[in-house]
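Welcome, and thanks for taking a look. Below is a short walk through a few local features, best read with the coordinates open beside you.

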Amino acid sequence: MPKIIHYRNKCIGCGVCYEQQPSLWRMSRKDGKAILLRGISKKGIFQLTVPGEVMEQSAAVAKACPVNIIKIV
Amino acid sequence: MKKRTVDILAPVGSFDSLQAAINAGADAIYFGVEQLNMRSRSANVFSVTDIKKISQACKAAGIKAYLTLNTVMYDHDRQLLRSLIKEAKKQNIDAVIAADFAVIGYCRELEMPLHISTQANITNIESVQFFAAFADVIVLARELTLKQVAQIVADIKRKNITGPSGELVRIEIFVHGALCMAVSGKCYLSLHQQNASANRGACTQNCRRSYLVKDADSGDELLVENEYIMSPKDLCTIDILDEVIQAGVSVLKIEGRPKGADYVHTVTQCYREAADAVAEGSFTAEKIASWKTALEKVYNRGFWQGYYLGRQTGEWATQSGSAATEKKIYIGKGSRYYPQKKVGEFTIESGSIQIGDTLLITGPLCGMVKEKLETLYVNGAQALTADKGDRITLLFPLKVTPADKLYKIVDTTHA
Ligand code: SF4
């Protein structure tokens, strides 16, 4: 199954990911950056395995992120 | 110390630049942290924990430090915003620079001194009067003429417009650095093309590219002399600095937080000297020419005087990157320091150097140091050249660490 990777440190908190895919993203009220819901952190880099169905939308989100910190592998 | 009539406010995006600004004679510096600054895309962004160190360094040097919080603010930013302002207050940062009303409100509530950013686009005395309830310093819009600026300053005195401190409101304007093709930051090009909000610090600089102009009906391409039709040249007011100061401006602001320590040092030093020369009555054509030559050596897109003299149209850059007459090439980094002999060792990681080259070193302790290489020791023995992998030693007054970067300066005019 494909994986979403979020390099959270570099997030500028623009909110595009949350606007486009609220099922997977939230904006943190604490530090203003995006949260990949249920993502698992490895040294501040968050990963989440997702079912194939959401991939199309996730790929669009990855493309939309202005600082290119969302990757799909 | 000399009597200073105006403050030089330098941009700082790294500890190297901070030291460079201090060394070059800045009266104050401004910096951003985390994602709430217009330069959040740049590689090195300060974090909340750096505020303390920046404040301490500025206090030790006797200069002021301002925290810039001037992006578009969203609801999800509120807590971060409050904690940043609280931290700034705790660490004795001298003021916050802002345009958003949320920041203005929090500063007032938390009793944090405030300056109004150019992002607020203040162009008239009524607006100054409005914001005077919140701020002691107001950065005017970059699109005003000096006449308009002078009128605003005169009206502040005439109407006795005072800020929260009880003193007359002070006016700050940009004197040097990049200009935006839109009205200071009110630009949506990046947002339209790459979904990247410039007002969130993610400007992708689409205006800096070259464009062709095509007639959509006929398909004919219009002949434009310069393809960089949206990229304004950089602002440079060094040759009209006497007029700028006569307009009654209190703070001269330099743009360029993402730029290197060499830029910060050179530009700050030139404007420091020029402002002092104006104060002493020794602002001569010869000096102006030498400052201009120095300014042309660091990052620039060519210069013009902006809108201050009432020019109607902008002047456009003729290339995509810098038009600087000098370029710095990365050579290597610091590897050791011998404090007794005051000798620093650098390891060459790319390229080569030889006797006679001009070297540039930037680092958090030294800021920026530029010097001609007269004697060279490679791996302990005297030599004429050094290549990749070599360890060279230089006399250096300050501790050298791997944070110190060594560059070679090359002239780009005879390339
Ligand atoms: S789109 Fe990118 S930068 Fe914007 S909030 Fe999401 S992860 Fe952060």
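Which residue is the bridge partner of Gly344(B) in β21(B)? The partner is Leu394(B). Please keep in mind that this is a predicted model.

**A strand between two partners**

Gly344(B) belongs to strand β14, residues 343–348 of chain B. This strand and β21(B), which spans residues 391–395, run antiparallel and are joined by 5 bridges. Strand β13 (residues 326–338 of chain B) also pairs with β14(B), again in the antiparallel sense, over 6 bridges. In that pairing, Gly344(B) has Tyr337(B) standing opposite. The hairpin of β13(B) and β14(B) leaves 4 residues between the strands, and Lys342(B) there adopts a positive phi near 55°.

How are the side chains of β14(B) placed? Val343(B), Glu345(B) and Thr347(B) point one way, while Gly344(B), Phe346(B) and Ile348(B) point the other way, and all are buried. Because 6 of the 6 residues of β14(B) are buried, the strand is largely enclosed by the rest of the structure.

**The nonpolar cores**

The largest nonpolar core has 101 residues, and those touching the most other members are Ile29(B), Phe31(B), Leu69(B), Leu140(B), Ile173(B), Leu241(B) and Tyr271(B). Helix α9 (residues 261–280 of chain B) gives the most to this core, with 10 residues. Domain 1 (7–179 + 232–317) and domain 3 (326–414) of chain B each supply at least three residues.

Leaving aside neighbours within four places in sequence, the contacts of Tyr271(B) include Ile8(B), Val175(B), Cys236(B), Leu241(B) and Leu295(B). A second, separate core holds 21 residues, among them Cys11(A), Cys17(A), Leu24(A) and Leu48(A).

**A polar contact at β1**

Asp7(B) sits in strand β1, residues 7–11 of chain B. The side chains of Asp7(B) and Arg170(B) make a polar contact at 3.5 Å. Not counting residues up to four places away in sequence, Asp7(B) also touches Asp27(B), Ser250(B), Val251(B) and Leu252(B).

**Cysteines without a bond**

How many disulfides does the structure hold over all chains? The count is 0. A disulfide is a covalent bond between the sulfur atoms of two cysteines. Two cysteines of chain B illustrate the spacing:

| Cysteine | Relative accessibility | Closest cysteine sulfur | Distance |
|---|---|---|---|
| Cys107(B) | 1% | Cys58(B) | 18 Å |
| Cys270(B) | 4% | Cys236(B) | 8.7 Å |

Why does Cys107(B) form no bond with Cys58(B)? The sulfur atoms are 18 Å apart, so they are too far for a bond. The sulfur of Cys270(B) is likewise too far from that of Cys236(B), at 8.7 Å. Cys107(B) counts as buried, and Cys270(B) counts as buried too.

Conventions: Residues are numbered from 1 along each chain as its sequence is written. Chains are lettered from A and ligands numbered from 1 in the order in which they are written. This is a predicted model: local features need pLDDT of at least 70, side-chain atom pairs count only at pLDDT 80 or more; totals for chains, interfaces and linings use all residues. Side-chain values use heavy atoms; hydrogens and water are left out. Buried means under 20% relative accessible area, exposed over 50%, partly exposed in between (1.4 Å probe, protein chains only). Helices (H or I, at least four residues) and strands (E, at least two) are DSSP runs, numbered from the N terminus. Two strands pair if DSSP finds at least two bridges between them. A nonpolar core is a set of buried Ala, Val, Leu, Ile, Met, Phe, Trp, Tyr and Cys residues joined through side-chain atoms within 4.5 Å. Domain bounds come from an automatic or database domain assignment. Contact means heavy atoms within 4.5 Å. A polar contact is a pair of N or O atoms within 3.5 Å; within protein, one must be able to donate a hydrogen and the other to accept it, and residues adjacent in sequence count only if both atoms are side-chain atoms. A disulfide is a pair of cysteine sulfur atoms within 2.5 Å.
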